[in-house]
Amino acid sequence: MTSKSRKPIKKRPSFVLAGQKIAPGSRHSIKVPAARLYNDTPMDLHAEVFHGLKPGPTLLVCAAIHGDELNGIEICRRLMGLIDPLELSGTVIIVPVVNVFGFIQQSRYLPDRRDLNRSFPGSERGTLGGRLAFLFNETLVQSATHIIDLHTGAIHRENLPQIRVDTDSPEALDMAHAFGSPVILHSKERDGSLRALATDLGIPLILYEAGEALRFNYAAIKSGVIGVQNVMKSLKMLKGRRTRRNLKSVVALRSGWIRNEYDGLVIPKVELGQSINKGQVIAQTVNPQGEELHPIKSPYHGIIIGISKIPVANEGEALFNVAQFDGEGIEEASENVDLFSEYYERKPI
């Protein structure tokens, strides 16, 4: 009696990036020439590619589009030590530092003071920012089916871990919920941003905001690593259940900054992640030579998702960013913040 013949297993093709082939089940480092410094030193865009044995999505994880935002770089570094291409379905491209110029200078911007995240899709013959945006777009963005863009607050501004996404995109919103941050903020893309480019290309993208520029926040980093893995599990790229499934992100449909009403020293009365009520005194401003305290009252009912870290401010400067919710959303979001803090502050490293 003869055994039935089996169909041969079709080998998955290699992944091609920047003219280089990555075999299935392997990891490969690729350096794409980006530009040169004044002293003729070459600058490369470094991508780490994990090409799984099984077919699946192509996920691009990138950080430091603003060169001084460091949490995302550490998230990428940790992820690279956790992904096994032999157990992976699909392909993961990790770019720890997109704005290599800003990273070297510890600056948000490029040498010409342009914002790389306002330069997409870029131009092959444009400014330095336009050329770098064009290279990143042509080489990496257009190779992806899904994108996670890692950010922090600006210098001297700290952000509560949050996902920013266009909630009108069902696939991107699914990624946002899978990530598992305390708050999802509905946010339309801005012209020239990576999010706007991804929308034009039909690529779902979520943006993770956590911490502040030029500082490591280890709870935010750990949350980011687990969040990316959660998205990979939801996309069937990794096996297993999502971590912290009891934390169900709440969507805030809007947010607003509360600004200083006086010049002087700012004495905050609330903390990042705290829920506040409309009319509540959230800070006081005092003249450095004076004694009279001027109260700053919140015009919103919500949760503080961003806060200025500088206790000196002129009139009109932004102090607190407040996410606002409909119905009972604020109570659910407040519970999420508590769960998040309990989970990550227990063992943040």
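Is Arg-27 buried, partly exposed or exposed, and what is its relative accessible area? Arg-27 is partly exposed, at 43% relative accessible area. Keep in mind that this is a predicted model.

## Charged pairs

Arg-27 has a partner: Glu-48, in a salt bridge whose closest N and O atoms sit 2.7 Å apart. The two come from distant parts of the chain, 21 residues apart, with Arg-27 in strand 3 (residues 26-36) and Glu-48 in strand 4 (residues 42-51). Unlike partly exposed Arg-27, Glu-48 is buried, with a relative accessible area of 6%. That falls under the 20% cut-off, which is why Glu-48 gets the label "buried".

The structure has eleven salt bridges. Another one joins Arg-108 to Glu-69, at 3.4 Å from N to O. This pair also links distant parts of the chain, 39 residues apart: Arg-108 is in the loop between helix 2 and helix 3 (128-139), while Glu-69 is in the loop between strand 5 (54-63) and helix 1 (71-80). Arg-108 is partly exposed at 21% relative accessible area, whereas Glu-69 is buried at 1%. Asp-40 and Arg-36 make a salt bridge too, with 3.5 Å between N and O. Then there's a salt-bridge network that links Glu-74, Arg-77 and Arg-78. As background, side chains of opposite charge can pair when their charged atoms come close.

## Helix 6

Next up is helix 6, which covers residues 218-234. Of its 17 residues, 14 are buried, so the rest of the structure largely encloses this helix. How far apart are the end C-alpha atoms of helix 6? They are 24 Å apart, and the span expected for 17 residues at 1.5 Å a residue is 24 Å as well, so the two agree.

Both ends have a detail to look at. At the start of helix 6, Asn-217 brings a side-chain oxygen to within 3.2 Å of the backbone nitrogen of Ala-219. Just after the helix, Lys-236 adopts a positive phi of about 65°.

## A four-stranded sheet

Now for some strands. Four of them make an open sheet in the order 16-15-13-18, with antiparallel pairing. Strand 16 (293-297) and strand 18 are the edges, each pairing on one side only.

To trace the pairing, start from strand 13 (residues 264-268), which is joined to strand 18 (residues 312-313) by two bridges, the two strands running antiparallel. Strand 13 also runs antiparallel to strand 15 (residues 281-286), and here four bridges join them. Leu-265 is a handy landmark: Val-312 stands opposite this residue in strand 18, and Val-286 is the bridge partner of Leu-265 in strand 15. For Val-266, the bridge partner in strand 15 is Thr-285. A general point to remember when looking at side chains here: in a regular strand they alternate between the two faces of the sheet.

## A nonpolar patch on the surface

Finally, there's a surface patch to find. Which residues form a nonpolar patch on the surface? Leu-37, Phe-103 and Ile-104 do, and together they have about 250 Å² of accessible area.

Ile-104 lies in helix 2 (residues 100-105). This residue counts as partly exposed, with 47% relative accessibility. That value is between the 20% and 50% cut-offs, which is why Ile-104 is called neither buried nor exposed.

Terms used. Residues are numbered from 1 along each chain as its sequence is written. This is a predicted model: local features need pLDDT of at least 70, side-chain atom pairs count only at pLDDT 80 or more; totals for chains, interfaces and linings use all residues. Side-chain values use heavy atoms; hydrogens and water are left out. Two strands pair if DSSP finds at least two bridges between them. Patches are made of residues with over 30% relative accessible area and no salt bridge: like charges are joined within 9 Å, nonpolar side chains (Val, Leu, Ile, Met, Phe, Trp, Tyr) within 5 Å. Accessible areas come from the Shrake-Rupley method with a 1.4 Å probe; for residues, only the protein chains shown count as cover. A salt bridge is a side-chain nitrogen of Lys or Arg within 4 Å of a carboxyl oxygen of Asp or Glu. Buried means under 20% relative accessible area, exposed over 50%, partly exposed in between (1.4 Å probe, protein chains only). The expected span of a helix is 1.5 Å times one less than its number of residues. A polar contact is a pair of N or O atoms within 3.5 Å; within protein, one must be able to donate a hydrogen and the other to accept it, and residues adjacent in sequence count only if both atoms are side-chain atoms.
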